[in-house]
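I opened this entry to record what I looked up, going from the whole chain down to one helix.

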Amino acid sequence: MTDFHPVDRSNWSREPYFSHYFTQVPCTYSMTVKIDITALRQSGQKLYPAMLYCLSKLVNAHAEFRMTVNENGQLGFYDIMHPCYTIFQKEMETFTNLWTPYSSDYRIFLKAYEKDLKEYGKVQTFMAKPNLPSNHFPVSMIPWETFESFHLNLQKGYDYLTPIFTMGRFYQEHDFWMLPLSIQVHHAVCDGFHVCRFVRELRELVNHVFS
């Protein structure tokens, strides 16, 4: 069972920022960056599960990426978050959702991902793997096209605190392979500083783990 930790807003240093960007001036934003995946491609590892692992590792390293408002309307953060990701269904020309439990050990995570893909990857429905936990974050990929900017327009996005990640088609830039990545967050819990730190650590992690 995953622990959910309520935030005591009466004694929370971020309360003025949260109140402003969640209630007074609701604000979400996205940032699109380029990630150098040269080392990852040279390692021979599959791109999608490798990036799912790296994103998950950093989401779980920082509480601002694990925050949500639970079913009781209580603000807090989870101990751990698991990736929920899209798999393209060629016959349907749409996607299905899978989720895989996060493990800090890449080999364990990869084995679980491959098991989920084998068992549920061809199930042609919106949510192929059942029992999606509440402590998840969404990831998708648009492998047919690269992009320099990507935005999601959520009708109820001003109540959604969980980060959303979207990857595009990787491409060659000089001697490097680059992957576009869009990160969408809620300003109530996540500032530009936090996103930039995430991106910096992601670049370091991709180069360190797969070099």
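My notes on the overall fold come before those on a single helix.

Entry 1, the whole protein. I noted that the model is predicted. I counted five helices and ten strands in the protein. I then looked up the outer dimensions: the C-alpha atoms fill a box of roughly 50 × 40 × 30 Å, taken along the principal axes. I also checked the radius of gyration. A compact globule of 211 residues would have a value near 17 Å, and the protein has 17 Å, so the two agree.

Entry 2, inside and surface. I found that 48% of the 211 residues count as buried, where buried means under 20% relative accessible area. The accessible surface comes to about 11,500 Å², and carbon and sulfur atoms hold 52% of that. Among contacts with a separation of 6 or more, 71% join residues 24 or more positions apart.

Entry 3, charges. I looked up 19 positive and 21 negative charges, and their mean positions are 5 Å apart.

Entry 4, helix α5. I asked what span its 19 residues should have at 1.5 Å a residue. The expected span for residues 192-210 is 27 Å, and the end C-alpha atoms are 27 Å apart, which agrees. I listed the buried residues of α5, among them His-194, Val-195, Arg-197, Phe-198, Glu-201, Leu-202, Leu-205 and Phe-210. I recalled that an α-helix has 3.6 residues a turn, so residues three or four places apart point the same way. Last, I asked what covers the buried residues of α5. The cover includes helices α2 (38-43), α3 (47-59) and α4 (106-120), and strands β2 (28-36), β8 (164-168) and β10 (176-186).

Technical notes
Residues are numbered from 1 along each chain as its sequence is written. This is a predicted model: local features need pLDDT of at least 70, side-chain atom pairs count only at pLDDT 80 or more; totals for chains, interfaces and linings use all residues. Side-chain values use heavy atoms; hydrogens and water are left out. Helices (H or I, at least four residues) and strands (E, at least two) are DSSP runs, numbered from the N terminus. The expected span of a helix is 1.5 Å times one less than its number of residues. Buried means under 20% relative accessible area, exposed over 50%, partly exposed in between (1.4 Å probe, protein chains only). Contact means heavy atoms within 4.5 Å. The radius of gyration is taken over C-alpha atoms; the globule rule is 2.2 Å times the number of residues to the power 0.38. Accessible areas come from the Shrake-Rupley method with a 1.4 Å probe; for residues, only the protein chains shown count as cover. Lys and Arg count as positive and Asp and Glu as negative; His and the chain ends are not counted. The place of a charge is taken as NZ of Lys, CZ of Arg, CG of Asp or CD of Glu.
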